Amino acid sequence: RAAATARSPWPYASALITGMSGLPDARRKSRLCRRLSRWMRMPVTRVWSCWKGHWKVVKMKRILTGDRPTGRLHIGHYVGSLKRRYKLQEEGNYDEFYIMIADSQALTDNFDNPEKVRKNVIEVMLDYLAVGLNPNKITFFVQSEVNALTELTYYYMNLVTLPRVLRNPTVKSEINSKNFNESIPVGFATYPISQAADITAFKANIVPVGDDQEPMIEQTREIVKSFNRIYDTDTLVLCESLLPNNIYQRRLVGTDGNAKMSKSLNNCIYLSDDKETIKEKVFSIKTTSRRIDEPGIIDGNILFMYLEAFCEDIHFKKYYSEFNNLDELKIAYQKGGIGDASVKRFLTEVINDELTPIRERRREYAEDLEKVYNILKEGTKKAKKTADKTIVEVKKAMKLNYFEDSEYLNELLNSK
């Protein structure tokens, strides 16, 4: 009784283990997990593992991230999120890993051009595979094919006010860049709610994102807290964003100097661009006009922002042996005597060094589109099953499970 008051699980766990001693180990663990979860009122994402009779609480690590299929992915996506995803995949320190192609979200500002979204679903998938993301370790899926996400979005809309959505810094920035003026599509303004549905449907607690998505994660956390408080449940799971350590990678500027590299602004270097195209785009970057013997300016210089995001010491050994690292180049540039053309040539080599193997893998996958299609199809099937389980739990917490069992009927009969 004292243990129960303190909510200590160990005496209760021991009693359950004794009572289940005749069951196979896997089934015994499964039943114990469910009973302890209910009794301790712990989140579903907590599991109980056993090692030589010692039971401990372990928090499940579920990762979810994704991209809108409005075009091929670019180097902003790569340094902002894709590289981190690959690292997480290879470290293997997670239980489940989902990557979503957010076609429904893409339609919020491309509603009159669905063919554009449809065409780019496979282009984005090719980019995922090209950077080394492995379908044996990650579940890839298409957002619109998972019906539970739409239903969750609808329920969550009741938990957020319109002023709160429109205060979201990312939403405000995107609305301004799209020139919607007063004709803001409701779907576009509320896509942070849709994003919350995506994250919570898979009970993801780790979300690798770029800097511009941080406000979205905070809004998701608000929705989770509101839902769990209002419905007195722990069904939804709080998530945390995972940002690149390199500040230049968090939001890579466009080749035109715009604060964000964006497909709609035509200021991107794509992962699939060939060497000559990359060279042309790098050499089109504008820099401060000066004589070669004059000191160069680092602050606000797009070339050095890109080098900060991409460059490693090995690149100097391969392509610019006069210097050992980026700091040495920056010091020499600021003294004068180094022209922007030299820096552009070096940057071109650095980017191509990173993207050449990606381009080659992309070409290989593009030759077998049926295989790529089936990877996405099977992943979507798996994602639907996971999200469907969550929607059942959500509706149960909201008392919308009228016909799941006889509970509702009994309530009606007992109310007479």
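**Exercise 1. Strand pairing around β4**

Which residue in β4 is the bridge partner of Thr-65? Work outwards from that pair to describe how β4 sits among its neighbours.

*Solution.* Keep in mind that this is a predicted model.

Step 1. Start with the pair itself: Thr-65 has Ile-99 as its bridge partner in β4.

Step 2. Now widen the view to whole strands. β3 covers residues 62-67, runs parallel to β4 and is joined to β4 by six bridges.

Step 3. Look at the link between them. Together with helix α4 (residues 75-91), β3 and β4 form a β-α-β unit, and this unit is right-handed.

Step 4. Turn to the other partner, strand β5 (residues 139-142). Four bridges connect β4 with β5, again in the parallel sense. Here Met-100 is found opposite Phe-141 of β5.

Step 5. Check the burial. Strand β4 spans residues 96-101, and because five of its six residues are buried, β4 is largely enclosed by the rest of the structure. The count for β3 is also five of six, so β3 too is largely enclosed by the rest of the structure.

**Exercise 2. A residue of helix α4**

Is Glu-90 buried, partly exposed or exposed? Find a residue that lies far from Glu-90 in sequence and give the separation in space.

*Solution.* Step 1. Place the residue: Glu-90 belongs to helix α4.

Step 2. Read its accessibility. The relative accessible area of Glu-90 is 42%, so this residue is partly exposed; the partly exposed class lies between the cut-offs of 20% and 50%.

Step 3. Go to Asn-134, which is 44 residues from Glu-90 in sequence; C-alpha to C-alpha, the two are 9.4 Å apart.

**Exercise 3. Met-261 in its loop**

Which residues does Met-261 touch, not counting those up to four places away in sequence?

*Solution.* Step 1. Locate Met-261 in the loop between α13 (247-250) and α14 (275-283).

Step 2. Judge its exposure. Met-261 has a relative accessibility of 2% and therefore counts as buried.

Step 3. List the contacts. Met-261 touches His-74, Ile-75, Gly-76, Leu-252, Val-253, Gly-254, Thr-255, Asn-267, Cys-268, Ile-269 and Tyr-306.

Step 4. Pick out His-74, which is 187 residues from Met-261 along the chain, with 8.2 Å between their C-alpha atoms.

**Exercise 4. Two helices that cross**

At what angle do helices α6 and α19 pack, and which residues meet?

*Solution.* Step 1. Take the geometry: α6 (residues 114-130) and α19 (residues 369-397) pack at about 90 degrees, and their axes are 10 Å apart.

Step 2. Classify the angle. The two helices are therefore roughly perpendicular to each other.

Step 3. Inspect the contact. From α6 come Val-121, Ile-122, Met-125, Leu-126 and Leu-129, which meet Leu-369, Val-372, Tyr-373, Ile-375 and Leu-376 of α19.

**Exercise 5. The nonpolar cores**

How many residues are in the largest nonpolar core?

*Solution.* Step 1. The largest core holds 61 residues, and Tyr-128, Tyr-306, Leu-307 and Leu-329 have the most contacts inside it.

Step 2. Find another core, apart from this one: it has 36 residues, including Val-146, Leu-152, Ala-201 and Ile-223.

Step 3. Zoom in on Leu-329. Beyond its neighbours within four places in sequence, Leu-329 contacts Phe-304, Leu-307, Phe-316, Tyr-320, Phe-323, Ile-338 and Phe-346.

Technical notes:
Residues numbered from 1 in each chain as written. Predicted model: local features only at pLDDT ≥ 70, side-chain atom pairs only at ≥ 80, totals over all residues. Heavy atoms only, no water. Buried < 20%, exposed > 50% of the residue type's maximum accessible area, 1.4 Å probe, protein only. Pairing = 2+ DSSP bridges. Right-handed = clockwise from strand over helix to strand, strands pointing away. Core = buried A, V, L, I, M, F, W, Y, C linked by side-chain atoms within 4.5 Å. Contact = heavy atoms within 4.5 Å. Axes fitted to C-alpha atoms, helices over the stretch in contact; angles between N-to-C directions. Parallel < 35°, antiparallel > 145°, perpendicular 65-115°, else oblique.
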